[in-house]
Amino acid sequence: MKNPIKKRMFLMSVLLMFAVSAVLSACGDSAGSNKGGNSGGGKDDSEKVEIVWVMAADPDKKDWQDAVIASFEDSHPNVKVRLENIPYDQFDQKLTTLISSGKAPDVWNPNQADSGFATYMKMGALKDLTPYIENGAPELKTMDPNLLDIYKIDGKNYGIPLVSNATYLYYNKDLFDAAGLPYPTTDWDDQSWNFDAMLETAQKLSHDVGDARKQVFGFSSALSANAMTWMFGGDLFKPEAYTTGVMGEPDLMKPINIEALQFNVDLINKYKVAPDAETVAASSQLGDPFLTGKVGMYITGGWGLGSYKQAEFNWGVAAVPYHEGRKVTLYVDPWSISATSKHPDEAWEFVRHLADPAEGGGAYRYMNDVGRTPADSSLFRLWYDKMGAEIGMDPEAFKQVHEGSIKYGREAENHLIVQFNTILETMNQSFYQVWSGKRSVTDGLNVLHDNLLSLKLDH
């Protein structure tokens, strides 16, 4: 090292090494900092990464999806989002296959089909998002903590709510007007609007039943047999099924369960104010039964607020009829990140973008463009005004309907019980002959009991 030329060369090499090290360190800091910022990973174009976003196919969401991806990629030029739309009826099977084969998407909504959050949690497929949330996510500051806690397991967050769909009674204003009937109440505490009153209204709305071209049914619903029992204060499963995620021994034969299911069977076969299974299946081939304009009242989830925009008739939303102990289904859907994602930081940046309630953000656009119920409390006033104007309801009346549904709501079964897609399919198959009047409710529940236990979902 005494040679001055060699010494200068050595010093230059050391300085060069430090310079390269500093650049690499800066890149590394930038990549790490996107847990709380929006740097897009801090990588140059040669290091551009791709994340995969999976959604159930829905034409109502296409424009929103395109806009969200475009705005995210514009602000995160080093990240490309590849969207994969999977048909709803293939969603669970396809997603399970992707996870099992080590090809899980980076971001998806585990409640988009029938399996639900609990199933994917049990598979170990979801990433703990707690460190990201704790590192700072201003987009979540106005999120209701109770909604965030739905997807908190053992103190860890595994999902960021995107929507808080409730359950409503939708009604066809034109059919009510033609029959000279007052619209159903928006007050969930009005006990005069009970199931007997609903039946009486449905009878006045129904006509020409049996004539496929002219028939109008006063009532129908998209509810599972279990959700029907909830509306009467019953439940086909024990409380611990919803807290442990394990179905366990079902609790089918309670008198209130039988009462609830018998009422719904009678709507079809005795009073003939609701369509039978064949009629529902036939109309479903053409789309949502309510959209046919041949159903006076229809109970389903909040997604109808967006889907029914295309209706060729006037409609509104009202309270589900009163019954002591009544509960209706809530659908608080989250965004989750794969536990095996190769780009979790970039995936988290995209989730933040999807959850952003600011104008132009994913949550704002979802509420505004798709018409789904926001999960972020800062959007509710805007949403009430928007939906009231679109439906033709006083915003305060619409607010009353929604808040009543939340008050009497409980989280969906498929979000909480593992493999609920299999349970639901078994439920539907076991009760098919009950709805057609070929098997009694009691016999149907006995068949359902044996079929559920045969699934061996006790672990």
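How much accessible surface does the protein chain have, and what share of it belongs to carbon and sulfur atoms? In this predicted model, the accessible surface of the protein chain comes to about 20,700 Å² (Shrake-Rupley method, 1.4 Å probe), and 52% of it belongs to carbon and sulfur atoms. Residues are numbered from 1 along each chain, and side-chain values use heavy atoms, with hydrogens and water left out. Local features need pLDDT of at least 70 and side-chain atom pairs count only at pLDDT 80 or more, whereas totals for chains, interfaces and linings use all residues.

Of the 459 residues in the protein chain, 50% are buried (under 20% relative accessible area, 1.4 Å probe, protein chains only). The largest nonpolar core (buried Ala, Val, Leu, Ile, Met, Phe, Trp, Tyr and Cys residues joined through side-chain atoms within 4.5 Å) has 81 residues, and F237, V317 and W383 are among those with the most contacts inside it. Helix 19 (residues 420-435; helices are DSSP runs of H or I, at least four residues, numbered from the N terminus) gives the most to this core, with seven residues. Apart from it lies another core, of 49 residues, including F91 and W348.

E411, placed in strand 12 (residues 409-411; strands are DSSP runs of E, at least two residues), is buried yet has no salt bridge (a side-chain nitrogen of Lys or Arg within 4 Å of a carboxyl oxygen of Asp or Glu). The nearest side chain of opposite charge, that of R410, is 9.1 Å away. A polar atom of the E411 side chain does, however, lie 3.2 Å from the backbone nitrogen of V332.

How values were computed: Lys and Arg count as positive and Asp and Glu as negative; His and the chain ends are not counted. A polar contact is a pair of N or O atoms within 3.5 Å; within protein, one must be able to donate a hydrogen and the other to accept it, and residues adjacent in sequence count only if both atoms are side-chain atoms.
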